[in-house]
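Q: Please pick one part of this model and look at it closely. Then place it in the rest of the chain.

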Amino acid sequence: MDSASVAPPQGLLVVTIDRLPAWMLPAWGATWVSAPAIDGLAARGLVFDRLLATSLDPRDTSRDLAAAGAVWSRAAEAGWPGAVVTDDPELPAPVEGVERIEVAAKAGTDTASTAEETNLARLFARARDVVAAGRHRLVWCHAGSLGVAWDAPDSFREAYVDPEDPPPPPGARVPCFQVDADTDPDRVVGVRQVFAGQLTLLDRCLGGLLEAALSADGGRWAILFAGLRGMPLGLHGVVGCEAGRRAGGLPYGEWMHLPAILVDPLGRMAGQRYGGLAVAADLGATLVDLFAGSGRAASAPAGGRSLAGLLESWSATPRDRVIVVAGDAAAVVTPDWQLVAERPRGGEERRPRLFAKPDDFFELSDVADRCAGVAEELAAVLTPLWQAGIDPGRHDAP
């Protein structure tokens, strides 16, 4: 297809979810979790297998997805009214002229009686109404309530409990604890069952919004679904966002490996998967290019590399590394390796951890001792960044 003949979409729906780790969704391997709407979206679109957050601050990832405001600017140039629908008061404000609609999330202790009473249902119902009303052509729906309350009705979590399992944890509080040798394994399993139920609720709510977007303007809307930050669920010693923050928030995959699906209204590359390293700024640059109706990268805002070329000829300039910052720790991720290291303090060098990628999906087998040369080479990438006091999260390219 000639790129010059490709018409731009007639609208854009962006859905971002904070605290959404890729490894807990069926499209990224968790086939025991039910998420048919997300699976259907994956069948329609291009799935990014290795999207990484370069910062564990969701505001940074959100700004990168918006290409530092360039997505909103391009929408304004195209005459598209924009709206943000969110339950997160800390989500960065978009550019002037964009309507902001807040649906406050409730941090209750009890689960909801019905799905319609939950935080996610109220948020997505409002976003669905905005899309269906037809007054806005760029709608950004952002959910932050996975870090506020797991309020899905009890039936959602009970669906994941086997007959021999103990009852899952009660209530809607987001758990927060460290996992050690004395922790009952059933406690961790129960947390994951509850979270899986919350994801099934998310999927149901998302389905209604997607239906509205897919029927808008004759189905000519582009859709981007993406996570902003993961959620530790016991793979590396912590459960819950606050526990992870107190433990240092080391940038393992449960924190930084994010889901993302891009749906092109022309159906280009539907059902395909991109296995190269990508960051949120790349998706932001891709959205900017979609406004031009071309598969060729016209710009690279916020350090992003447009991946729009994947939609036509499956061409993209691959990244050879991504650097992730998490307070006093960082990770260097390459196509074949992931090194996790802590910032040296007082001349003390802490031993880095090295994992073979993509085979060691959950970073459970540290091979730093057996592959010392690789560990030293990757650690050397971080050394000048630590010494210069520069935020390594912005140094995600060679």
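A: **One residue, its helix and the core**

Gln193 counts as buried because its relative accessibility is 5%, where buried means under 20% relative accessible area, exposed over 50% and partly exposed in between (1.4 Å probe, protein chains only). This is a predicted model, in which local features need pLDDT of at least 70 and side-chain atom pairs count only at pLDDT 80 or more, while totals for chains, interfaces and linings use all residues. Residues are numbered from 1 along each chain as its sequence is written, and side-chain values use heavy atoms, with hydrogens and water left out.

Gln193 sits in helix H6; helices (H or I, at least four residues) and strands (E, at least two) are DSSP runs, numbered from the N terminus. Leaving aside neighbours within four places in sequence, Gln193 has contacts with Arg157, Tyr160, Val161, Asp165 and Pro168, a contact being heavy atoms within 4.5 Å.

Helix H6 also leads to the largest nonpolar core. A nonpolar core is a set of buried Ala, Val, Leu, Ile, Met, Phe, Trp, Tyr and Cys residues joined through side-chain atoms within 4.5 Å. The largest one has 62 residues, and those touching the most other members are Leu13, Ile17, Phe124, Val131, Leu199, Phe225 and Ile261. At least two residues of this core come from each of strand E1 (11-18), helix H1 (36-44), strand E3 (82-86), helix H4 (119-133), strand E5 (138-143), helix H6 (185-215), strand E7 (221-229) and strand E10 (260-263). H6 gives the largest share, 14 residues. Apart from this core lies another, of 36 residues, including Leu228, Tyr274, Leu290 and Phe291.

Ile17 shows how such a core residue is surrounded. Beyond its neighbours within four places in sequence, Ile17 is in contact with Phe124, His142, Ala143, Leu146, Leu202, Phe225, Ala226, Gly227, Leu228 and Arg229.

Helix H4 holds Asp129 as well. Asp129 has a relative accessible area of 42%, so it is partly exposed. Its C-alpha atom is separated by 18 Å from that of Gln10, 119 residues apart from Asp129 along the chain.

Past the helix, the loop between H6 and E7 contains Asp217. Asp217 is not a glycine, yet its phi is positive, about 50°. Most residues other than glycine have a negative phi, and most peptide bonds are trans. With 33% relative accessibility, Asp217 counts as partly exposed. Trp314, in the loop between helix H10 (310-313) and strand E12 (322-326), is another non-glycine residue with a positive phi, about 55°. Trp314 is counted as partly exposed because its relative accessibility is 35%. The peptide bond between Lys357 and Pro358 is cis, with omega about 0°; Pro358 lies in the loop between strand E15 (353-356) and helix H11 (372-388).

As for the whole chain, there are 11 helices and 15 strands. Its radius of gyration of 21 Å agrees with the value near 21 Å for a compact globule of 398 residues, taken over C-alpha atoms with a rule of 2.2 Å times the number of residues to the power 0.38. Buried residues make up 54% of the 398. Among contacts with a separation of 6 or more, 72% join residues 24 or more positions apart.
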